[in-house]
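Ready to practise reading a protein structure step by step? Keep the sequence and the 3D view side by side, try each task yourself, and then compare your steps with the solution.

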Amino acid sequence: MSTQSVLARLPFGRRATLQQREALAGIAFISPWIIGFFIFTAGPMVISLGLSLTEYDVLRPPTFIGLENYQRMLGDPRLMTSLYNSIYYALLHVPLSIIFALSLALILNNVGKAAGFFRTAFYLPSVTPAVAIGTLWLWLLNPRVGLINRGLEVFGIQGPGWTTDPNWIKPGIVLMSLWSVGSTVIIYLAALRNVPNDLYEAANIDGANGWQQFRHVTIPMISGAIFFTLIVNIISSLQIFTEVYTMYFGNQTNNAAASAGLFYNIYLFRQAFEFLNFGYASAMAWLLFVIIMILTFIQLRLSKRWVYYEGG
Amino acid sequence: MKQSVTLRRLTQFATVTAIALALVAVLAPVQAQDEISGEVNVMGFGTGDEIATERVDLFRETYPNVEVSFTEGALDEQQFLTAVASGTPPDAVYIDRALLSTYAVRGALQPLTQCIEDMGIDMSIFRQAAVEQVTINGEIYGIPDFWNNIYLMINTAAVEEAGLTLDDISTTDWDRLTELNEALTRIENGRVTRIGFDPKLPEFFPLWVRANGGQLLSDDGRTAMLNSPEAVEALEYAFSQHEPSGGRAEFMAFRDTWDFFGSNNQIVADQVGFWPMEQWYMNVLADVSPDAPIAFKAFTDREGNPISMATGSAWAIPTNSANYEGACALAATMTSTEAWIRAAQKRAELRAESGTINTGVSPANAEAEEIIFTEIVGPTGNEVFDQGIAVLREVQEAGFAIPANPAGNEFRQAWMDAVNRVLNGEQTAQEALDQAQAEAQAALDSAWSRQ
Amino acid sequence: MSAITQTRTTYAPSARERARNRRRLFFRIIYIILLLGFTVIFIAPFVWLVSASLKSRAEVFSPDLIPDPIMWQNYIRVWEAAPLLRWLGNSLWVGLLAATTVTLSCSLIAFGFSYFRFKGRDTLFNLVLATMMLPGVVTMIPVFMIWQSLGLVNTHAPLWAMNLFGSAFYIFMIRQFYLTLPRELFEAARVDGAGYFHMWRHIALPLTRTALIVVFVFEFKASWTDLLKPLIYLRSPQLYTLPLGLKTILDRFGQGGEMEWEVVMAASVIVTLPMIIIFFLGQRYFLEGIATTGLKG
């Protein structure tokens with residue numbers, strides 16, 4: 001963006017200078033990202049797009065095969081299964097985790113100083129290594145002796161086969177993921193603390209009750225944080241990998257999850273590193289990328305309706 | 001004038017040097033042990049027990065000028081792949097024989113012909129099936145290390161309770177096997193509390209196919225045979241063995257509760273009748289429950305011959321390895337008869353000291369195996385395990401392996417997934433294997449064509 | 001559900017207010033009970049992990065809470081089996097570098113995307129968002145090649161240096177916080193003659209301290225628990241970080257398929273514990289940060 005073009009576009013000479021300075025300064029602040037983008041993102045992305053048009057096993061030079069990978073994808077039943085699994089999981093996990101995290105954050109916000117201890121407790125799972133989480137939950141979800149079903153027994157409910165019934169594999173994984181909502185809780189808590197008190201006082205004076213305050217003060221003021229976690233959670237849900245891999249695809253020979261637990265990234269990883277089909281894996285990655293992009297842009301568009309910014 | 005004289009001098013000098021070097025090369029074909037030096041970095045080998053450390057010690061003593069280091073732990077394919085792709089592979093790699101050809105065919109590993117010649121390794125002392133697994137187009141790419149087999153492990157208390165004898169236990173007659181399974185299964189309050197017979201699906205699917213007279217892959221490694229009638233029948237049969245327990249889900253839920261490695265394992269706790277298992281489990285049993293009611297027998301095919309699926313790793317050298325001679329020396333030493341014997345002796349010593357049972361070790365080096373079991377591993381004082389060792393030796397001869405093929409993982413996943421689909425009730429055996437056949441053949445064709 | 005955190009009374013409460021205070025106390029007690037309940041659920045698996053780490057091999061999966069006998073030896077075995085202190089140091093060092101660089105760079109970059117208005121800003125930001133969506137696995141090999149060509153494989157650099165260039169996730173998050181700051185604050189400063197850097201440093205940064213602390217903690221944790229990058233880039237054991245070390249322990253004690261779970265559990269606890277301590281100490285600071293920033297009028 002040259003000085004001339006900026007100047008040429010704006011009608012007022014004086015404001016042009018200010019606008020131009022502002023633009024340059026803005027870009028200066030952003031410059032680290034731009035540099036990193038070209039080196040570590042754009043370049044590799046172009047390479048991976050190129051790879052998706054080839055057959056490549058890393059050990060030998062790639063062979064160009066045009067759109068064959070994409071055609072294969074259309075006829076690959078496992079690809080469809082894995083996509084279905086990831087979407088199903090995301091649809092289940094995202095709303096549940098946001099509601100759960102928000103509830104926790106609201107409660108935490110209301111207990112003042114005691115929150116510190118609880119906060120650590122809720123964040124603890126996020127700090128546990130993924131390998132340990134996977135191993136742990138494989139045992140917790142065991143239908144006969146796992147804590148979950150034993151807990152349910154106390155209430156007289158016979159728990160389902162979380163690890164042995166293909167229909168319950170994904171819900172079991174959702175349960176495991178809900179255990180790690182700590183990060184989201186913290187983000188909401190930070191956002192809640194940022195809501196100026198005087199807004200609540202004003203609402204109080206106007207006679208608003210708790211629920212109304214929640215709907216008309218709290219939610220709008222933290223809508224930015226909710227929006228953020230919504231997008232981020234969808235993106236990461238569609239890419240879940242390590243824990244599930246540890247539980248069902250590492251050295252285990254558990255089979256209930258062979259189809260039901262085959263998430264998109266797991267299948268991608270398998271194609272890349274077990275089958276050495278990097279070209280195909282790259283094509284898969286690009287498909288996921290496109291899906292995520294579309295979803296995010298839809299949300300961004302919709303966000304203008306319900307997300308509130310004060311200084312944007 | 002001056003230039004041409006210098007030039008001539010140079011040429012003379014060069015020629016003399018060349019001849020001298022050639023003479024040295026010709027006259028000293030076997031490298032002296034002190035000459036092999038440098039570093040050898042190995043990926044994929046763990047030095048966690050005495051079988052590993054003793055052999056490594058032998059290597060260090062024989063080649064004092066070589067500094068060998070290990071990236072501990074099982075081979076991580078991701079790590080290996082990125083190392084190879086970036087042009088800085090490890091100097092040597094310890095890799096599952098079933099995976100080796102995947103990398104060999106793609107040029108990531110180099111042939112060991114020169115190495116075998118230099119070190120004077122006699123490949124005939126190794127189990128031929130193991131050697132075949134690592135031979136591509138007539139060239140050998142790995143020196144086989146272990147030769148791990150499978151046989152039946154039997155809960156004799158359950159057998160007695162059902163009014164049977166050990167002789168009755170056999171996998172030859174499949175109708176009879178079903179009866180045995182039903183007789184040994186115990187159901188209480190509608191839930192299974194003892195599994196009669198565990199067919200070990202999906203892992204042992206190749207074993208079942210072999211038992212039924214078929215095989216999953218042609219000997220040349222190019223044609224998949226996943227949906228042959230023998231394979232389909234084998235899958236259907238093995239799958240049906242879950243019925244007495246109430247179906248696969250019930251079966252698995254129960255099996256997951258076993259204290260597999262503990263002293264209250266499934267034999268002690270009377271949770272299983274009998275089942276085929278990898279030989280290392282015999283070691284576990286010897287350690288944690290040597291007095292349990294166990295017996296061992298060979299798994300037999302439908303003709304009555306003992307068969308076993310043999311697995312293990314091999315020592316290989318990546319292309320662009322920085323120290324071919326060092327890696328070669330390592331491979332040769334680790335798999336040498338001398339090394340195995342030393343390791344077995346150490347194991348015998350340690351076990352005697354701690355009062356635990358010594359079940360020996362099973363190298364793919366058949367010469368070493370013979371010596372180990374005739375001279376080092378003696379009667380253990382525990383009849384049960386003596387019998388187990390006898391069975392172990394019996395099945396060493398009967399081991400088979402899936403032929404070398406460059407689509408290693410993809411091939412395996414194709415049939416694994418097919419078996420899983422059947423286990424989960426998603427498809428019939430025929431449908432599942434038809435799909436697997438198509439996938440596997442496509443993978444094989446693609447991998448072989450780009451050789 | 002009341003969202004008020006503090007009430008100031010400078011006069012004697014009326015009957016209605018007393019009733020309201022009682023109600024608030026009642027709710028507060030309910031909340032604490034609920035929280036305790038959830039805490040138990042959240043901590044239970046971890047308690048079980050610690051308990052399993054102290055059990056003998058035979059007992060590892062038994063449901064008893066207190067192990068009998070208590071196998072402290074498991075921890076000693078892990079300690080002896082591996083250079084844990086070294087790995088701890090590595091993880092700490094890399095984590096601090098990663099967290100510090102990303103917090104600084106992202107707060108700068110996010111400021112560029114929030115306060116400034118220029119053509120193409122939103123498009124560029126959408127590009128930032130887009131980069132969040134690319135699955136990391138795909139760029140892995142090309143990025144590895146880049147580090148390889150710089151000669152920095154088998155050093156710690158690839159584990160944190162990319163944070164110098166920001167990270168879409170945190171840029172997004174910090175930007176959200178910046179956007180809640182009223183523009184007038186900055187305009188006022190500018191009228192007083194402040195430069196852009198000054199505005200960032202003395203207005204934006206302090207006011208979003210909460211978010212920055214959150215970013216720091218998150219990135220530290222992400223770096224602490226990351227397995228993939230160390231796995232690919234580190235070959236010398238003395239450079240390993242804790243998760244990679246944990247993996248080697250897992251592999252080592254799993255040789256021949258014999259999973260010595262109790263050792264693996266012990267190693268997991270050791271790997272997780274420092275992070276918990278750091279977090280617990282750090283979040284007291286966290287609390288202060290929230291208290292000072294949240295309640296300005």
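The exercises below deal with a predicted model, and each one comes with a worked solution.

**Exercise 1. A sheet in chain B**

Task: Work out the strand order of the open sheet in chain B that contains β2, β1, β3, β13 and β6, and find which strands stand at its edges.

Solution:

Step 1. Start with the order. The five strands of this open sheet follow one another as β2-β1-β3-β13-β6 in chain B, and their pairing is mixed.

Step 2. Now look at the ends of that order. Strands β2 (66–71) and β6 (143–144) of chain B each have a single partner strand, so one side of each lacks a neighbour in the sheet. These two are the edge strands.

Step 3. Check the pairing on the β6 side. Two bridges link β6(B) and β13(B), in the antiparallel sense. Here B:I143 faces B:W315 of β13(B).

Step 4. Add the helix that packs on this sheet. Helix α13 (residues 324–334) of chain B touches β1, β2, β3, β6 and β13 of chain B. The direction of α13(B) makes about 60° with that of β1(B).

**Exercise 2. The neighbours of strand β3**

Task: For strand β3 of chain B, decide in which sense it pairs with β1(B) and in which sense with β13(B).

Solution:

Step 1. A reminder helps here: strands of a sheet pair through backbone hydrogen bonds, either parallel or antiparallel.

Step 2. Take β1 (residues 38–43) of chain B. With β3(B) it pairs in the parallel sense, over two bridges. In this region B:V42 stands opposite B:A92 of β3(B).

Step 3. Take β13 (residues 313–316) of chain B. Four bridges join it to β3(B), and the two strands run antiparallel. One residue to find in the view is B:D96, whose bridge partner in β13(B) is B:S313.

Step 4. Finish with the surroundings. Strand β3(B) spans residues 92–96, and four of its five residues are buried, so "mostly covered" describes it well.

**Exercise 3. Another sheet in chain B**

Task: Find the edge strands of the sheet β8-β9-β10-β7-β11 in chain B, and say which helices lie on its strands.

Solution:

Step 1. This open sheet has five strands with mixed pairing. Its edges are β8 (186–188) and β11 (294–297) of chain B, each of which pairs on one side only.

Step 2. On average, neighbouring strands of this sheet are turned by 25° against each other, direction ignored.

Step 3. At β8(B), three bridges lead to β9 (residues 191–197) of chain B, and these strands run antiparallel. B:I187 is found opposite B:V192 of β9(B).

Step 4. Helix α8 (residues 174–184) of chain B lies across β9 and β10 (272–278) of chain B, at about 145° to β9(B). Helix α16 (residues 383–396) of chain B packs on the sheet too, touching β7 (150–155) and β11 of chain B. The direction of α16(B) makes about 20° with that of β11(B).

**Exercise 4. One residue in a loop**

Task: Is B:I357 buried, partly exposed or exposed?

Solution:

Step 1. Locate B:I357: its loop lies between α14 (337–354) and α15 (366–376) of chain B.

Step 2. Count the neighbours. B:I357 has 19 C-beta neighbours inside 10 Å. A buried residue needs 20 or more, and an exposed one has 12 or fewer. B:I357 therefore counts as partly exposed.

Step 3. See what B:I357 touches. Leaving out residues up to four places away in sequence, its contacts are B:A286, B:P290, B:R351, B:T380, B:N382 and B:F385.

**Exercise 5. Two helices in chain C**

Task: Describe how α3 and α7 of chain C pack against each other.

Solution:

Step 1. Get to know the chain. Chain C has 13 helices and zero strands, and 45% of its 297 residues count as buried.

Step 2. Helix α3 (residues 84–114) and helix α7 (residues 168–178) of chain C pack at an angle of about 55°, their axes being 8 Å apart. That angle makes α3(C) oblique to α7(C).

Step 3. The crossing of α3(C) and α7(C) is right-handed. Among the residues making the contact are C:V102 and C:C106 of α3(C) and C:Y170 and C:I171 of α7(C).

Step 4. Sort the contact by class: 10 nonpolar, two polar and one charged residues take part where α3(C) meets α7(C).

Notes
Residues numbered from 1 in each chain as written. Chains lettered and ligands numbered in written order. Predicted model: local features only at pLDDT ≥ 70, side-chain atom pairs only at ≥ 80, totals over all residues. Pairing = 2+ DSSP bridges. Axes fitted to C-alpha atoms, helices over the stretch in contact; angles between N-to-C directions. Parallel < 35°, antiparallel > 145°, perpendicular 65-115°, else oblique. Left-handed = near helix turned anticlockwise from the far one by under 90°. Contact = placed C-beta atoms within 7 Å. Nonpolar A, V, L, I, M, F, W, Y, C, P; charged D, E, K, R; others polar.
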